[in-house]
Amino acid sequence: LTDKVVAQHIYKMNDSKIEKIGDVVALGSKTFLAIELDDKKGADSQKYIQWIDLNTNQSRRLLNLATSGFTYSQKAEGLAYSKKSKRIFIINDNDF
């Protein structure tokens, strides 16, 4: 590990309804997953898992948490990925 900055990137959100990033996790040195969120609740809210590739400067939405059955999508604030099982794990903050 080093304490010097290796790279810095700007994350541009293309949807004006998205207000913040819940979390970002690296899949490799140039690919990432991010949670994009608005502050609304329910099926009309915008809670996306976004795939980002810095090699091609492309991104795409993989999943809308609000419409996919993720009950606690209001506070999806953590993200992890298992290379072994190829699963995405979403951590919820219930403010308890």
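In what order do the elements of the chain run from the N terminus on? The order is β-β-β-β-β-β, and the secondary structure comes to six strands and zero helices. The model is a predicted one. The points below cover the chain as a whole, its nonpolar core, the surroundings of Trp51 and Gln50, and a few residues in loops and in strand β6.

**Overall dimensions and surface**

- The C-alpha trace of the chain spans about 40 × 30 × 25 Å along its principal axes.
- The chain has 96 residues, of which 30% are buried.
- Its accessible surface is about 7,100 Å², and carbon and sulfur atoms account for 50% of that area.
- Among contacts in the chain with a separation of 6 or more, 29% are between residues 24 or more positions apart.

**Nonpolar core**

- The largest nonpolar core consists of 10 residues: Val25, Leu27, Leu33, Ile35, Leu37, Ile49, Trp51, Leu65, Ala76 and Leu79.
- At least two residues of this core come from each of β2 (31–37), β3 (47–53) and β5 (76–82).
- Strand β2 supplies the largest share, which is three residues.
- In soluble globular proteins, nonpolar side chains tend to be buried together.

**Trp51 and charges over rings**

- Trp51 is one of the residues of the largest nonpolar core.
- Beyond its neighbours within four places in sequence, Trp51 contacts Leu27, Thr31, Phe32, Leu33, Gln58, Ser59, Arg60 and Leu62.
- Of these contacts, Leu27 and Leu33 are also members of the core.
- Arg60 lies over the face of Trp51, and the distance to the ring centre is 4.6 Å.
- A second arginine, Arg61, has its charged end over the ring of Tyr48, at 3.7 Å from the centre of that ring.
- The count of aromatic pairs in the model is zero.

**Gln50, a buried polar residue**

- Gln50 is part of strand β3.
- Gln50 has a relative accessible area of 6%, which is under 20%, so this residue is classed as buried.
- The side chain of Gln50 makes a polar contact of 3.2 Å with the side chain of Ser59.
- Leaving out residues up to four places away in sequence, Gln50 touches Tyr11, Phe32, Leu33, Ala34, Glu36, Ser59, Arg60 and Arg61.
- Phe32, Leu33, Ser59 and Arg60 appear in the contact lists of both Gln50 and Trp51.

**Positive phi in two loops**

- Asn57 has a positive phi of about 55°, although this residue is not a glycine.
- The position of Asn57 is in the loop between β3 and β4 (58–64).
- With a relative accessible area of 69%, which is over 50%, Asn57 counts as exposed.
- Lys86, also not a glycine, likewise has a positive phi of about 55°.
- Lys86 belongs to the loop between β5 and β6 (87–92).
- The relative accessible area of Lys86 is 64%, so Lys86 is exposed by the cut-off of over 50%.

**Asn92 in strand β6**

- Asn92 is located in strand β6.
- Asn92 is partly exposed because its relative accessible area of 27% falls between the limits of 20% and 50%.
- Asn92 and Met13 are 79 residues apart along the chain, and their C-alpha atoms are separated by 22 Å.

Conventions. Residues numbered from 1 in each chain as written. Predicted model: local features only at pLDDT ≥ 70, side-chain atom pairs only at ≥ 80, totals over all residues. Heavy atoms only, no water. Core = buried A, V, L, I, M, F, W, Y, C linked by side-chain atoms within 4.5 Å. Buried < 20%, exposed > 50% of the residue type's maximum accessible area, 1.4 Å probe, protein only. Helix = DSSP H or I, 4+ residues; strand = E, 2+ residues; numbered from the N terminus. Contact = heavy atoms within 4.5 Å. Phe/Tyr/Trp six-rings, centres within 6.5 Å; stacked < 30°, edge-to-face > 60°. Lys NZ or Arg CZ within 6 Å of the ring centre and 35° of its normal. Polar contact = N/O pair within 3.5 Å; in protein donor to acceptor, adjacent residues only side chain to side chain. Areas by Shrake-Rupley, 256 points an atom, 1.4 Å probe, with all protein chains shown as cover.
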